[in-house]
Amino acid sequence: MGDPVNGVEAEIVRHHEVIERWLTGALAREEFATFADAHGPGFTLSTPDGPTLSRDQVLTEVEALHGSAPGVTIEIRNVRIVASEGAFVVATYQEVQPDRTRQSTVVFQGTTWLHLHETWLP
């Protein structure tokens, strides 16, 4: 991964650019793998509303959202490495959309997303 701080920040930004393009419909349906392949087989998402979703559940939900938010923008702020050991990195960041902001903690193995925990911010 090289420099874990820059590699992690670049991956977080890249991933959310893909999500933004998917939600706006700018990313073709045939390119869904660009999103899906970033998540490890055991990926889990603890949503800001409480439930924890499996990789398959996340992929199903996100795939259904193609083009559902024309004009949406996603900005990533305050990326910070919390811990790094070998190929594993834990980082936090804020995901800012026009109508909401989330504080997130992500666990990576290399640049593969293993777990994401999101919390709504006021």
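This section describes the nonpolar core, one strand hairpin and the salt bridges of a predicted model.

The largest nonpolar core comprises 28 residues, and those with the most contacts inside it are I12, F35, Y93, V106 and W113. At least two residues of this core are supplied by each of the helices α1 (4-24), α2 (33-36) and α3 (55-64), and likewise by each of the strands β1 (39-46), β3 (75-85), β4 (88-97), β5 (100-109) and β6 (112-121). Helix α1 gives the most to the core, with six residues. When residues up to four places away in sequence are not counted, V106 touches I12, V89, V90, A91, Y93, W113, H115 and L116; among these neighbours, I12, Y93 and W113 also belong to the residues with the most contacts inside the core.

Strands β3 and β4 run antiparallel and are joined by eight bridges, with I76 standing opposite E95 in β4. The two strands form a hairpin that has two residues between them, and G86, located in the turn, has a positive phi of about 60°.

The structure holds four salt bridges, of which three are described here, beginning with a pair in helix α1. The side chains of E11 and R14 meet in a salt bridge with an N to O distance of 2.8 Å; because these residues lie three positions apart in helix α1, about one helical turn separates them. The two partners differ in accessibility, since E11 has a relative accessible area of 9% and is therefore buried, whereas R14, at 28% relative accessibility, counts as partly exposed. Beyond this salt bridge, E11 touches A38, F108, T111 and W113, again not counting residues up to four places away in sequence. W113, one of these contacts of E11, is also touched by V106.

A second salt bridge is formed between the side chains of R100 and D99, at 3.8 Å from N to O. Here R100 is partly exposed, with a relative accessible area of 36%, while D99, at 63% relative accessibility, counts as exposed, the threshold for that class being over 50%.

In a further salt bridge, the side chains of E118 and R102 meet at 3.0 Å, N to O. This pair links distant parts of the chain, as E118 is placed in strand β6 and R102 in strand β5, 16 residues apart. Both E118 and R102 are buried.

Note on methods:
Residues are numbered from 1 along each chain as its sequence is written. This is a predicted model: local features need pLDDT of at least 70, side-chain atom pairs count only at pLDDT 80 or more; totals for chains, interfaces and linings use all residues. Side-chain values use heavy atoms; hydrogens and water are left out. A nonpolar core is a set of buried Ala, Val, Leu, Ile, Met, Phe, Trp, Tyr and Cys residues joined through side-chain atoms within 4.5 Å. Buried means under 20% relative accessible area, exposed over 50%, partly exposed in between (1.4 Å probe, protein chains only). Helices (H or I, at least four residues) and strands (E, at least two) are DSSP runs, numbered from the N terminus. Contact means heavy atoms within 4.5 Å. Two strands pair if DSSP finds at least two bridges between them.
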